[in-house]
Amino acid sequence: MVKFVLLSCIFLFVFRVVSLRGNDPMFIEKGYIEMSFELNFIVCLLNFFLYYFLGQPYLWARLDRKPNKLAEKRFKNFLHSKQNSKEFFWNVEEDFKPVPECWIPAKEIEQLNGNPMPDENGHIPGWVPVEKNNKQYCWHSSVVNYEFEIALVLRHHPDDPGLLEISAVPLSDLLEQTLELIGTNINGNPYGLGSKKHPLHLLIPHGAFQIRNLPTLKHSDLLSWFDGCREGKIEGIVWHCNDGCLIKVHRHHLGLCWPIPDTYMNSKPVIINMNLNKYEYAFDAKCLFNHFSKIDNQKFGRLKDIILNV
């Protein structure tokens with residue numbers, strides 16, 4: 001039985017931007033080799049998270065609380081005259097736009113008198129649950145079914161690392177994980193999923209796709225790996241540190257383009273594993289779960305070749 005968890009106790013994360021220059025001791029302490037160049041690594045707040053809401057596993061979306069126009073103007077004027085944004089005085093109760101009642105700040109946000117404080121960009125990172133009837137998150141809610149607590153997930157086939165698999169995964173298996181949403185209406189659809197008439201979206205757990213031939217942390221090696229290696233035809237790399245910190249380098253940080261025409265993800269075949277008979281329930285005819293069930297056990301040469309029987 002799923003226990004109800006108070007929102008104030010939810011285990012969520014926030015990470016900050018870290019500038020690493022030369023032989024930065026922080027980076028070396030995390031177990032990485034010395035760096036001989038300057039590069040900005042983004043230590044990121046990820047887009048989606050799985051945790052409880054109203055007593056059951058729920059998908060949460062990132063939502064930063066941002067300052068209103070007057071406060072933003074004061075903040076920008078202050079930054080022009082000062083270098084350290086932490087010296088700016090915020091009145092959290094009056095300076096920020098309202099957020100939904102179910103919004104919660106990300107974990108490790110600095111608190112002052114019980115109020116979450118903004119980061120160096122003037123935002124308060126946080127989360128809101130992705131509810132079924134929220135139009136703002138319609139593509140996100142299309143990949144989860146809260147009644148049966150399942151999600152549409154893309155990952156490696158458990159028995160064949162060279163094969164991708166799309167399956168219905170219990171939300172309980174994804175608890176406390178961060179995820180990425182890909183598909184027709186997300187970030188230019190670099191993987192060619194679906195169409196405007198028949199949009200298709202999927203969740204990918206972070207860490208599901210590991211890099212086996214990782215380049216060394218030299219600017220030239222990273223650049224040549226992203227630009228010339230087949231495995232490097234991806235958006236970026238996230239290092240998972242022993243202390244739980246996540247550090248990301250994106251193609252844009254190296255001056256490389258994204259999206260690109262031919263991604264590494266689209267070089268692999270994919271199989272559909274979507275037998276919904278065990279649920280003994282007639283899924284909505286228009287939902288993605290139902291569409292995928294019609295092509296259960298079918299194999300496609302690549303993600304962009306998937307055609308739903310709509």
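Buried means under 20% relative accessible area, exposed means over 50%, and partly exposed is what sits in between. Keep that handy for the exercises below, and remember that this is a predicted model.

**Exercise 1. Classify Glu 72 and Lys 76, then work out how their side chains are linked.**

Step 1: Glu 72 has a relative accessible area of 33%, so it goes down as partly exposed.
Step 2: Lys 76 comes out at 47%, which also makes it partly exposed.
Step 3: Look at where they sit. Both are in helix H2 (residues 69–81), 4 residues apart, or about one turn of the helix.
Step 4: Now the distance. The N to O value is 3.8 Å, and the cut-off for a salt bridge is 4 Å, so the pair makes the list.

**Exercise 2. Find what Asp 95 pairs with, and decide whether Asp 95 is buried or exposed.**

Step 1: The partner is Arg 74, with the closest N and O atoms 3.0 Å apart, and the pair is a salt bridge.
Step 2: Place the two residues. Asp 95 belongs to helix H3 (residues 92–95) and Arg 74 to helix H2, so this salt bridge ties together parts that are 21 residues apart in sequence.
Step 3: Asp 95 has a relative accessible area of 8%, so it is buried. Arg 74, at 39%, is partly exposed.

**Exercise 3. Do the accessibility check for the salt bridge between Arg 302 and Asp 305.**

Step 1: The closest N and O atoms of this pair are 3.2 Å apart.
Step 2: Arg 302 has a relative accessible area of 34%, which puts it in the partly exposed class.
Step 3: Asp 305 is partly exposed too, at 31%.
Step 4: For the tally, the model has 5 salt bridges by this rule.

**Exercise 4. Lys 268 is a charged residue without a salt bridge; describe its surroundings.**

Step 1: Start with the location: Lys 268 is in the loop between strand S15 (246–250) and strand S16.
Step 2: Lys 268 is buried, and the nearest side chain of opposite charge, Glu 231, is 7.7 Å away. The salt-bridge limit is 4 Å, so Glu 231 is out of range.
Step 3: Look for other polar partners. The side chain of Lys 268 has a polar contact of 3.5 Å with that of Tyr 264.
Step 4: List the company. Beyond four places in sequence, Lys 268 touches residues including His 156, Pro 161, Leu 164 and Arg 302.

**Exercise 5. Trace how S11 is connected to S10 and to S16.**

Step 1: S10 (residues 150–157) and S11 (residues 160–170) pair antiparallel over 8 bridges. With 2 residues between them, the two strands form a hairpin.
Step 2: To check the register, find Ala 151: it stands opposite Val 169 in S11.
Step 3: S11 also runs parallel to S16 (residues 270–273), joined by 4 bridges. Here Leu 164 has Val 270 as its bridge partner.

**Exercise 6. Place Leu 154 in the nonpolar packing.**

Step 1: The largest nonpolar core holds 69 residues, and Leu 154 is among those touching the most other members, along with residues such as Leu 59, Ile 166 and Phe 292.
Step 2: Strand S3 (residues 48–53) supplies the largest share of this core, 6 residues.
Step 3: Apart from this core lies another one of 13 residues, among them Trp 225 and Phe 226.
Step 4: Back to Leu 154: its contacts beyond four places in sequence include Leu 164, Ile 182, Met 265 and Val 270.

Technical notes:
Residues are numbered from 1 along each chain as its sequence is written. This is a predicted model: local features need pLDDT of at least 70, side-chain atom pairs count only at pLDDT 80 or more; totals for chains, interfaces and linings use all residues. Side-chain values use heavy atoms; hydrogens and water are left out. Two strands pair if DSSP finds at least two bridges between them. Buried means under 20% relative accessible area, exposed over 50%, partly exposed in between (1.4 Å probe, protein chains only). Lys and Arg count as positive and Asp and Glu as negative; His and the chain ends are not counted. A polar contact is a pair of N or O atoms within 3.5 Å; within protein, one must be able to donate a hydrogen and the other to accept it, and residues adjacent in sequence count only if both atoms are side-chain atoms. Contact means heavy atoms within 4.5 Å. A nonpolar core is a set of buried Ala, Val, Leu, Ile, Met, Phe, Trp, Tyr and Cys residues joined through side-chain atoms within 4.5 Å.
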